[in-house]
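Visitor: I should like a close look at a single part of this structure. Please choose one strand and describe its surroundings and its pairing partners in a connected account.

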Amino acid sequence: MARFGHSKITDATGRHVEGFHPDRRSLLSLGVGAALSATGLHPAQAQHYPARPIQVLVPFAGGSASDVITRILLNRMSTSLGQAFVVDNRPGAGGNIGTAAAAHAAADGYTLLMSTSGPLAANKSLYKELPYEPLKDLAPIGLFAALPNVVVINSRLPPKSLRELIEYAKEHPRELNYGTVGVGSSQHLAAAYFEQLTGTEITHVPYRNIAAYTPDFIAGQVPLGFQLLPNVIGLIRNGDARPLAVASDKRMTALPDVPTAAEAGLKDYESAAWLALLAPANTDKTVIDKLYKAMVEAVNDPKVRALFVEQGAEPLVMDPQGLKNFMTLEAAKWATIIKKIGLEPM
């Protein structure tokens, strides 16, 4: 799971981007720019790109956290590029189906991918075989947002703090149910990592999607979650959910009064998803550069940043080469954690 530490990421103007940043080890190898092979569009076509609408595959369901935030980004990018983006949701297999479809699409700049830390890093250790190779079959464009996991509990349950939750879980081993959108999801890994660090035993209840999980959370049948904020921000606002801690080294802009896990007494508990744009391998560098520039302009737009924060995401920018290096480091990091918590490949 992405670990976010104290190093800095800057935007295209060189300003420090507040929020959640890759740890010091990750940033040691991050560079600027990308040397991507150009075997897609003819050079003349690339210069006039884009000449028609661009399809973006999102390997998760419509209305999911990553889907909503991606649409905010693409809406602003369309203004810069003068063409519409058409989102094609292709969920399934932990994001592998949609990611594979994009990886094997034509490298002409008209089929892109928005994917996350799961399909791009963790799934290499969660699945015995993947129908794509992230670093070989995809050309990074840039990373644009991070979503830390938030520990939430049904507001009718006794625990009022993370320490009290840990004590409650120890007093009621295996009785406390937590919901996720499936085995190997960000929520599942965050919960398993929590169990490992705290010595607690809680029960996993997987759902097909957040819409199916939410009623059971409200009813108290599955009263615990290690959720991305967009999935539970409505529950927090209406009082159904109590946020106990953010799994990051910094407090979230959208939840300034909620402590980090370390502030709440649990050191080293950091877990977050990150969102990135990619293209099929061998997409022309001119196309990649145009898309990256439009992405940076979108993320730096105050209105877009405000909408990201409203949805529970922290805006940031990482360039193509930086994202490529980060994906390599993240895959190794996920592999270590997944092995430590004893998850067998599916």
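Guide: The account below concerns strand S6 and its neighbours in a predicted model. As background, the protein chain has 346 residues, of which 56% count as buried, and it contains 13 helices and 12 strands.

Strand S6 spans residues 138-154. Buried here denotes a relative accessible area under 20%. By that criterion 17 of the 17 residues of S6 are buried, so the strand is largely enclosed by the rest of the structure.

The pairing of S6 involves several strands. With strand S11 (residues 272-280), S6 forms 9 bridges in the antiparallel sense. Within that pairing, Ala146 has Trp274 as its bridge partner. Ala146 also has a bridge partner in S12, namely Glu314; strand S12 covers residues 314-318 and is joined to S6 by 3 bridges, again antiparallel. Ala146 is thus bridged to Trp274 in S11 and to Glu314 in S12.

Two further antiparallel partners complete this description. Strand S9 (residues 224-228) is linked to S6 through 5 bridges, with Val150 placed opposite Gln227. Strand S10 (residues 241-246) is likewise linked to S6 through 5 bridges, and here Ile153 faces Arg242.

These pairings may be set beside a figure for the chain as a whole: among contacts between residues at least 6 apart in sequence, 78% join residues at least 24 apart. As for the surface, the protein chain exposes about 14000 Å², and carbon and sulfur atoms supply 52% of that area.

Terms used:
Residues numbered from 1 in each chain as written. Predicted model: local features only at pLDDT ≥ 70, side-chain atom pairs only at ≥ 80, totals over all residues. Heavy atoms only, no water. Helix = DSSP H or I, 4+ residues; strand = E, 2+ residues; numbered from the N terminus. Buried < 20%, exposed > 50% of the residue type's maximum accessible area, 1.4 Å probe, protein only. Contact = heavy atoms within 4.5 Å. Areas by Shrake-Rupley, 256 points an atom, 1.4 Å probe, with all protein chains shown as cover. Pairing = 2+ DSSP bridges.
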